[in-house]
Amino acid sequence: MTNLSKKLGEMDFDGLLTDIKPAPEVRGGTIRKLSAAATLKRGTILAKSSGTGGDGKLVALGTTAVSNETLTPDCVLCDDVEIGTAADENAAVYTAGCFDPDKVSVASGYSITDGDKDNLRMRGIVFKAAAAAL
C-alpha cells in the first residue's frame with residue numbers, strides 16, 4: 001500500500017492526439033533504413049511502400065519513391081525513432097486516431113494534400129485542431 005503514493009512515471013501532453021474518436025490504435029511497423037542517419041519525430045506521417053518495386057516498409061510521407069514503387073499515406077509515428085543506414089527500424093505507429101494537423105510532420109519540402117488526408121481517413125486517421133485555450 002505504501003508504494004501506491006510513489007510516482008511511477010510522467011507524461012507530457014504534446015497535443016498530437018485531439019480526440020478519443022476514432023480511438024487511437026497502435027501497431028508495429030518497419031521503417032526503411034535511410035541513406036543518411038536521421039531521427040524521425042513523434043507525429044511524422046508515414047507512407048507504406050507497395051507496387052512491383054515496393055517492399056511494404058514505411059517512409060516519411062513526401063519521400064521520393066524508387067522505381068516501380070507506390071507510396072501511400074498509412075500511419076503516424078508514435079515516438080521519436082533514430083533511423084540508421086545499416087538496418088530497417090521497427091517502431092510503434094498509430095494506425096487510427098484523431099490528430100492535430102499542426103502537430104504532424106512530413107518529409108522536408110512536402111505539404112500534405114487533400115488526397116493524402118482522404119487516404120488517411122479511409123484508414124481511420126482523421127485531423128481535428130485542438131480546442132483553443134480559454
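## Overall fold

The chain holds one helix and nine strands, and it should be kept in mind throughout that the model described here is a predicted one. Followed along the sequence, these elements come in the order β-β-β-β-β-β-β-β-α-β, with the helix placed between the eight strands that precede it and the one strand that follows it.

## Burial, contacts and surface

Of the 134 residues in the chain, 30% are buried. Among the contacts in the chain with a separation of 6 or more, 70% are made by residues that lie 24 or more positions apart.

As for the outer face of the model, the chain exposes about 8,300 Å², and carbon and sulfur atoms supply 52% of that area.

## A cis peptide bond at Pro22

In the backbone, Lys21 and Pro22 are joined by a cis peptide bond, for which omega is about -5°. Pro22 belongs to the loop that runs between strand S1, residues 17-19, and strand S2, residues 25-31.

## A positive phi at Asn68

Another backbone feature concerns Asn68, which is a residue other than glycine and yet has a positive phi, near 60°. Asn68 is located in the loop between strand S5, which covers residues 58-60, and strand S6, which covers residues 70-77.

The relative accessibility of Asn68 is 56%, and because a residue counts as exposed when this value is over 50%, Asn68 is classed as exposed.

Definitions and conventions:
Residues are numbered from 1 along each chain as its sequence is written. This is a predicted model: local features need pLDDT of at least 70, side-chain atom pairs count only at pLDDT 80 or more; totals for chains, interfaces and linings use all residues. Side-chain values use heavy atoms; hydrogens and water are left out. Helices (H or I, at least four residues) and strands (E, at least two) are DSSP runs, numbered from the N terminus. Buried means under 20% relative accessible area, exposed over 50%, partly exposed in between (1.4 Å probe, protein chains only). Contact means heavy atoms within 4.5 Å. Accessible areas come from the Shrake-Rupley method with a 1.4 Å probe; for residues, only the protein chains shown count as cover.
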